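Q: Please take a close look at one part of this model: its largest cavity. What lines it, and what surrounds that lining?

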Amino acid sequence: MVFAHDTEAALLAAVELVNSAEAPDTLTETAQLADFLERHAYTGLHTGDDDELAEVRALRAPLRALLTSDRDAAVIQVNDTLAEHRALPQLVRHGDVDYHVHAVPPQAPLPVRIAVETAMAMIDLIRADDLSRLSICADSDCAGLVLDLSRNRSRRYCSTACGNRNAVAAYRARQR
């Protein structure tokens with residue numbers, strides 16, 4: 001299944017945000033948050049201060065819980081998030097991005113935008129009964145999340161580093 005651009009973008013951002021909590025923590029400075037926002041093209045209010053960084057960091061555990069939930073539990077979490085933030089989905093177009101869905105106003109705090117955009121993206125996965133696209137990294141020493149958007153659903157590792165480490169280990173085991 002091919003998902004809309006904004007669904008894929010929100011899921012990729014959420015997975016990166018959740019994985020930033022894995023050792024070594026890659027979201028400890030406001031500059032790292034600014035880089036994350038630029039990579040994922042977040043629009044709207046961004047204060048860039050330590051409070052915002054702390055609030056975004058605090059999202060990592062609830063987002064991990066959402067992204068690793070079974071379908072029925074994810075529905076409850078999505079509905080709670082949308083109700084809590086009074087999400088009102090609307091089609092918008094800005095910059096070079098064609099129509100897509102925003103569910104909170106541009107002046108909403110960044111952590112709210114991230115939480116609601118992730119919840120909106122999860123709606124597509126839940127409706128398609130496609131939560132299997134989210135999994136835990138196959139590296140036994142890693143707890144990172146994997147978002148598999150491949151056609152043949154072959155992605156097993158959260159990063160190239162984990163994939164390479166396992167490929168080298170498998171090669172060495174075959175050489176013995």
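A: Helix 5, residues 110-127, gives the most to the lining of the largest cavity. Its share is three residues. The model is a predicted one, and every value here is computed from it.

The full lining consists of His102, Ala103, Val104, Arg113, Val116 and Glu117. By class, three of the lining residues are nonpolar, two are charged and one is polar. Ala103, Val104 and Val116 count as nonpolar. Arg113 and Glu117 are the charged pair. His102 falls in the polar class.

Now the volume. The largest cavity holds about 30 Å³. The structure has one cavity of 30 Å³ or more.

Next, the packing of the helix that leads the lining. Helix 5 packs with helix 1, which spans residues 5-19. Their axes lie 8 Å apart. The angle between them is about 120°. Roughly perpendicular covers 65 to 115 degrees, and roughly antiparallel starts over 145. Helix 1 and helix 5 are therefore oblique to each other. Their crossing is left-handed.

One further stretch of the chain has a record attached. An unreviewed UniProt entry annotates residues 133-175 as "domain: Zinc finger CGNR". In the model, that stretch is 37% helix and 14% strand. The C-alpha atoms at its ends are 33 Å apart.

Back to the cavity: Arg113, Val116 and Glu117 are among its lining residues, and helix 5 remains the main contributor.

Technical notes:
Residues are numbered from 1 along each chain as its sequence is written. This is a predicted model: local features need pLDDT of at least 70, side-chain atom pairs count only at pLDDT 80 or more; totals for chains, interfaces and linings use all residues. Side-chain values use heavy atoms; hydrogens and water are left out. UniProt positions are given in the numbering used here, feature names are shortened, and annotations may be inferred rather than shown by experiment. Helices (H or I, at least four residues) and strands (E, at least two) are DSSP runs, numbered from the N terminus. On a 1 Å grid over the protein atoms alone, a cavity is a set of points where a 1.4 Å probe fits but cannot get out, and a pocket is an open set with protein on both sides within 12 Å along at least five of seven lines; lining residues have an atom within 4 Å of a point. Grid points are joined across faces, edges and corners, and a volume is the space filled by probe spheres set on the points. Axes are lines fitted to C-alpha atoms, for helices over the stretch in contact, and angles run from 0 to 180 degrees between N-to-C directions. Angles under 35 degrees count as roughly parallel, over 145 as roughly antiparallel, 65 to 115 as roughly perpendicular and the rest as oblique. A crossing is left-handed if the near helix is turned anticlockwise from the far one by less than a right angle, and right-handed if clockwise.
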